[in-house]
Amino acid sequence: MSEDKGCRTRMIDMFEPAYLETRQLLLNEFIVKFPSDESCWSSLVHEFAACDKLRCRWCGADKVEVQQDSRTLSCNDCKKKSSMTAGTFFHGIKKVRAWFFAIWIVENEFYVSSKWFAQAIGISQSSALHILKSTLYLIEENSGIFESVGFGLREFRLFFRKRSFLTPAMVKPSCELQEGADESSNHDNYNNSADSSWVDVTASEVDSVRDAVISALKEGSRSLDEIRNTIKCSSSDVLAAITDLELDGEISAIAGNRFQLCNKVKAGLTSLRDEVLRKESSDSKSIFDAIALFCRLSFGIARGVSRKYLSLYLGFANSLVAKDVFSSFKTMCIESSYIGSKRLRAYASSAVLPIRLSQPSLFDFIDEVSHAF
Ligand SMILES: [Zn+2]
């Protein structure tokens, strides 16, 4: 990608119709630059050397030789062998190319779904989600203190679409906040749940039919038969998905036995905008950029987020608005300690989330984000 893209262009790239084209371009460029695992490992050796991180893990000496596998260091002082990546962000990784691709995407100030990422690079979706979340975690951790306005997690309830292991059974993710009266104690509970699976419940069969129904309705209202013909699934699967979507308030039945999409995105945006205005900040308008990007990331690209990890996506939107961590992201990874699934499991959105103040509105995203779905 060209280096001198303006802030406005970079943001537009995240939205339709530029989004699909930019995504493909990024993949193509990545394949040319890093065609194999070997190319990634040898690049990593150079990056470690540039950061003065090519050192013996036992005695700290920099007189080391890199073995042929580009992963093992052999020390000339203590004669011991050690792993180049031990204890770093890259500790124990196997699919180095997938990690490189995630870094590539971040460095280009872009984001993709775990589903697309998994297909593009040939790994499982749960691995893809883990890799993408690790990058978001690192970005949030390094974003530092910035001028912001705090929003209660409650203001984001319309965005809770995915279940996490903390979502009570038989309860919609969006109802999570109504369950526990005391938010701070919920937060503690999250942190104590490190033994459960860290993965959000990802696209199941049902989710894929749901997604197909939503896509079919994007063009306008349709009858049940028209939906079934478009998505080519069994009647029972389609009916189950439609019932589910109706209960979730995503679609509604209208006259003539037809169904249409409910505009949850607009409702979510309107609710957040009202909250911004209610705070009567003179910088209200500048917050919209971060919110619009967050909506695009969570609704449009990640196709819903869980309450537990929502702030990772908000943190990324905040950083995109400020462009504060991206150009040096690979260096940041090399200098970071190991994150791993244990730290990700212990992560939870806090009760009050910061939305970053940017330069007063580059332009008004609200209309664009509304049209993006
Ligand atoms: Zn040594």
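Ser 43 sits in helix H3, which spans residues 37-50. In this predicted model, Ser 43 has a relative accessibility of 14% and therefore counts as buried, the cut-off being under 20%. Setting aside residues up to four places away in sequence, the residues that Ser 43 touches are Phe 34, Phe 100 and Lys 330.

Glu 65 makes a good companion to look at next. Glu 65 belongs to strand E1, residues 64-66, and is partly exposed, with a relative accessible area of 45%. Beyond its neighbours within four places in sequence, Glu 65 contacts Thr 72, Leu 73, Ser 74 and Asn 76. Asn 76 is 11 residues away from Glu 65 along the chain, and their C-alpha atoms are 7.4 Å apart.

Here are the two residues side by side.

| Residue | Element | Relative accessible area | Class |
|---|---|---|---|
| Ser 43 | helix H3 (residues 37-50) | 14% | buried |
| Glu 65 | strand E1 (residues 64-66) | 45% | partly exposed |

Now for the interior. Across the chain, 48% of the 373 residues count as buried. In soluble globular proteins, nonpolar side chains tend to be buried together. The largest nonpolar core here has 87 residues, and within this core Phe 117 and Phe 156 touch the most other members. Helix H4 (residues 96-107) is the element that gives the most to this core, with 10 residues. Where does this core lie with respect to domain 1 and domain 2? Domain 1 (7-107) and domain 2 (142-200 + 283-371) both supply residues to this core, so the core lies between them. There is also a second, separate core of 13 residues, with Ala 216, Ile 231, Ala 241 and Ile 251 among its members.

Ile 231 leads us on to a helix pair, since this residue also appears in the contact of H10 with H11. The axes of helix H10 (residues 224-231) and helix H11 (residues 235-247) come within 10 Å of each other and cross at roughly 115°. The crossing of H10 past H11 is right-handed. On the H10 side, the contact is made by Leu 224, Ile 227, Arg 228 and Ile 231, and these meet Ser 235, Val 238, Leu 239 and Ile 242 of H11. Sorted by class, this contact has 6 nonpolar, 1 polar and 1 charged residues.

Finally, a look at the whole chain: it contains 17 helices and 8 strands. Of the contacts between residues at least 6 apart in sequence, 71% join residues at least 24 apart.

Terms used
Residues are numbered from 1 along each chain as its sequence is written. This is a predicted model: local features need pLDDT of at least 70, side-chain atom pairs count only at pLDDT 80 or more; totals for chains, interfaces and linings use all residues. Side-chain values use heavy atoms; hydrogens and water are left out. Axes are lines fitted to C-alpha atoms, for helices over the stretch in contact, and angles run from 0 to 180 degrees between N-to-C directions. Helices (H or I, at least four residues) and strands (E, at least two) are DSSP runs, numbered from the N terminus. A crossing is left-handed if the near helix is turned anticlockwise from the far one by less than a right angle, and right-handed if clockwise. Contact means heavy atoms within 4.5 Å. Ala, Val, Leu, Ile, Met, Phe, Trp, Tyr, Cys and Pro count as nonpolar, Asp, Glu, Lys and Arg as charged, and the others, Gly among them, as polar. A nonpolar core is a set of buried Ala, Val, Leu, Ile, Met, Phe, Trp, Tyr and Cys residues joined through side-chain atoms within 4.5 Å. Buried means under 20% relative accessible area, exposed over 50%, partly exposed in between (1.4 Å probe, protein chains only). Domain bounds come from an automatic or database domain assignment.
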